[in-house]
Amino acid sequence: MPSIQALETLDLQNSFIVKKTVTLNGRKLSEKRKELLSYFHDTFSIYESIFECLINEDVFYIRPNHLRHPLIFYYGHTAVFFINKLNVAGLISTRIDPKLESILAIGVDEMSWDDLHDEHYDWPTPNQVRDYREKTRKLVDQFIRTTDFSLPIDWQDPMWIILMGIEHERIHLETTSVLIRELPIECVKPHPIWSNICLTSNEPPINELLFVKGGPITLGKSKNNPLYGWDNEYGISHNEVKDFKASKYLVSNKEYFDFVNDNGYHQEKYWDEEGWQWVQSRNHKLPTYWLKVGNNFKYRTMLDIIDMPWDWPVDVNHYEAKAFCNWKSTVLEKNIRLPTEAEWYTLRNLVDTDQPYWNPAPGNINLEYETSSCPINRHAFANGFYDIIGNVWQWTETPIDSYEGFTVHPAYDDFSTPTFDGKHFIFKGGCWISTGNYAIKDSRYAFRRHFFQHAGLRYVEAAPMPKPNLNVYETDTTVSQYIEFHYGESYFNVPNFPVTCAQYCNKLTEGIPTRRALDIGCGAGRASFELAKVFDHVDAVDFSTRIIQAPTNLQKHGCQRYTIQEEGDLITYKEIRIDDFNYQSVKDRVSFLQGDACNLNTKFTSYDLVFAGNLIDRLYDPAKFLKLIKDRICPGGLLVITSPYTWLSDFTKREYWLGGFKASTGESYTTLDSLQDYLTPDFYLLKKPIDIPFVIRETKRKYQHSLSEISVWKKKD
């Protein structure tokens, strides 16, 4: 079994370091088992080796970045991940060290400030982590050797969890290199592998824009793909890319220096609002890995400070990449921006190989060259381009989102979904230390715009970007319950309530006009769409704009995401699509609008049917609504009211209740009695009221099972 010490005898070209990701298919289980064992041990050892770059054990407790844990966390985190995920998947029931498996389990999202207080953590010693890692190595080794699996390996296979752990560790190999690069230089030391940086630097070439033919392009991969993938890689996205021009080279330190030298960091016009706030927050004047020494510039690699390699690619975050493009637009008098994800893939399609199959790597990637960037004109690709993949990551204009057909893996349900917020931007192409899944064509990673990750840029001349349509996950509990109630599963064999009510309404329309309907208190809009199957136009009105945002997203974007609570803080991510309900042909008949049912705008009038679903007992003045709505219905039209008559003071003060109390006569006075009093003589009860059941899901094990009475009132001609 490989050990950390064994690394001392390895050179950079050893196959141990440039190990390629394991394919999911194959002919013999025995051979695949050997591949998995080798891939696991090599990954485990190379990851351990990067921590040998620390000058002493005290450095394990330094936070290189104020938005990250100290390095001791990352040293143990990847081993803990194996044990935790194998337990979550039900593949093992053992623990090595429950305490470590708790405090080293959850990393820090760069937005979660409250997780960064050291007093919240009782960090282990490096020796404790080494011991834990060795025990994990033995457990996983034994698991791979003895566990039954089949080929090809798929999501349900136990070896998928092993690959998940391996690829997760490959991710942290790269992110740890970034953290080490951010340490004070006196905290690191030379290393036989990680000090083997590129020694070449010359005058950089002049960049130029080269033509790229556009056309239709489909992104995403199927579950039959032979390479392991994270959940966001699967699905499908059809795109039409217009012809564009792209820079021949990545932006070099020298080309970026022209922006710096032109006071780019001091001119607000080049930065968007968020980027300018970042510049001012810490008085940024140079890229993070540049150091000014007198009149000269130095450059920080992972373990060294060297003379500025002007022909290497610049390392910047998304703010800086965007600002540079805005400046370049001014200089060239052209529309210069970052490429979209689809435009980058158009370039990537010029490369006819992928990581498991190349020999050697066509670019500075997969640790197949040095442990640093290199000149931007060293790795040539098709059509005159350089560094289509490798050297540094390339920022794009695209905030990460799921492809159509996206689902989460149950063992790692929060890998991607928290980043679908419009604030995490995709970068593509990999860098010199990108290995495993990081290095394949279909990998999709995204970070917040202030994030650094050996990332630079290639710019394009193309049409301006339209404003992106964001469809983030709805996490408000109340709103999500509405969405689930309208579009989610049916529970306890109770039919969908909005659909049942709307279909009941639609059957009542025989012999009356079906020009206009009003769904007042429409909630998430399911009944509105159903009514539109019969009515020429439906006004769907609700007091809460937060709630009607969901059907509006369905109408405009075709989908809506939301989370539902399982128990405590545990949630499940869900997505609904308008195609699932066959509403494409009727969706444009519905207008979703905000309005107060007790103070309804006069434009809401002349309706052949008004549906008030479970509304009246949630109004602050239900009697006022009844008086108002009578005049908004055409002669011969219908008013359909459903309600469980749950008169609660949270919604309606007791003095405004329509019923549910003893009248002055001492007799019971029901809501139906009150409706009769308020609506006659203008309306009469058309049918005997009936009860319609409904179920509202609160958590996985808590539901509201209620009955709503439906009454139909016809306006006299």
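# Briefing on the predicted model

By class, 7 nonpolar, 2 polar and 3 charged residues make up the lining of the largest cavity. The model is predicted, and its protein chain holds 717 residues, of which 58% are buried. The secondary structure of this chain comes to 15 helices and 26 strands, and the C-alpha trace spans about 95 × 65 × 50 Å along its principal axes.

**The largest cavity**

- A search of the whole structure returns 4 cavities of 30 Å³ or more, and the largest cavity encloses about 100 Å³ of space.
- The lining of the largest cavity includes Glu484, Phe485, Glu489, Ser490 and Tyr491, and it also includes Val494, Pro495, Asn496, Phe497, Phe694, Val695 and Arg697.
- At least two lining residues come from helix 10 (477-487), and at least two come from strand 25 (690-699).
- Strand 25 gives the largest share of this lining, with 3 residues.

**Salt bridges**

- The count of salt bridges comes to 35, and among them are three pairs described here with their places in the chain and their accessibility.
- Asp141 and Arg145 form a salt bridge in which the closest N and O atoms are 2.6 Å apart; both residues lie in helix 4 (residues 126-146), 4 residues apart, which is about one turn of the helix.
- Asp141 counts as buried because its relative accessible area of 6% falls under 20%, whereas Arg145, with a relative accessible area of 47%, is partly exposed.
- Asp539 forms a salt bridge with Arg516, with 3.4 Å between the closest N and O atoms.
- This pair links distant parts of the chain, since Asp539 lies in strand 16 (residues 537-542) and Arg516 in strand 15 (residues 516-520), 23 residues apart.
- Asp539 is buried, with a relative accessible area of 6%, while Arg516 is partly exposed at 24%.
- The side chains of Asp682 and Lys630 also meet in a salt bridge, at 3.4 Å from N to O.
- The pair links distant parts of the chain, 52 residues apart: Asp682 is in the loop between helix 15 (671-679) and strand 24 (683-685), and Lys630 is in the loop between helix 14 (622-629) and strand 21 (633-643).
- In this pair the acidic partner, Asp682, is partly exposed at 36% relative accessibility, and Lys630 is buried at 16%.
- A network of salt bridges links Glu48, Arg133, Arg137 and Glu169.

**Backbone geometry**

- Most residues other than glycine have a negative phi, and most peptide bonds are trans.
- Asn359 and Pro360 are joined by a cis peptide bond with omega of about 0°, and Pro360 lies in the loop between helix 9 (341-348) and strand 9 (393-399).
- A cis peptide bond also runs from Thr680 to Pro681, with omega near 10°, and Pro681 is placed in the loop between helix 15 and strand 24, the loop that also holds Asp682.
- Glu333 is a residue other than glycine with a positive phi, near 55°; Glu333 lies in the loop between helix 8 (318-332) and strand 8 (336-337) and is exposed, at 74% relative accessibility.
- Leu367, likewise a residue other than glycine, has a positive phi near 55°; Leu367 is in the loop between helix 9 and strand 9, the loop in which Pro360 lies, and counts as buried because its relative accessibility is 1%.

**Surface patch and a buried helix residue**

- Leu291, Val293 and Ile305 form a nonpolar patch on the surface, and together they have about 220 Å² of accessible area.
- Within this patch, Val293 belongs to strand 5 (residues 290-293), and its relative accessibility of 46% makes it partly exposed.
- Phe81 is in helix 2 (residues 71-88) and is buried, at 6% relative accessibility.
- From C-alpha to C-alpha, Phe81 and Leu104 are 8.5 Å apart in space, with their positions 23 residues apart in sequence counted as their separation.

Definitions and conventions: Residues numbered from 1 in each chain as written. Predicted model: local features only at pLDDT ≥ 70, side-chain atom pairs only at ≥ 80, totals over all residues. Heavy atoms only, no water. Patch = residues over 30% accessible without salt bridge, like charges linked within 9 Å, V, L, I, M, F, W, Y side chains within 5 Å. Areas by Shrake-Rupley, 256 points an atom, 1.4 Å probe, with all protein chains shown as cover. Salt bridge = Lys/Arg side-chain N within 4 Å of Asp/Glu carboxyl O. Buried < 20%, exposed > 50% of the residue type's maximum accessible area, 1.4 Å probe, protein only. 1 Å grid on protein atoms, 1.4 Å probe; cavity = no way out; pocket = protein on both sides within 12 Å on 5 of 7 lines; lining within 4 Å. Points joined across faces, edges and corners; volume = space filled by probe spheres on them. Nonpolar A, V, L, I, M, F, W, Y, C, P; charged D, E, K, R; others polar.
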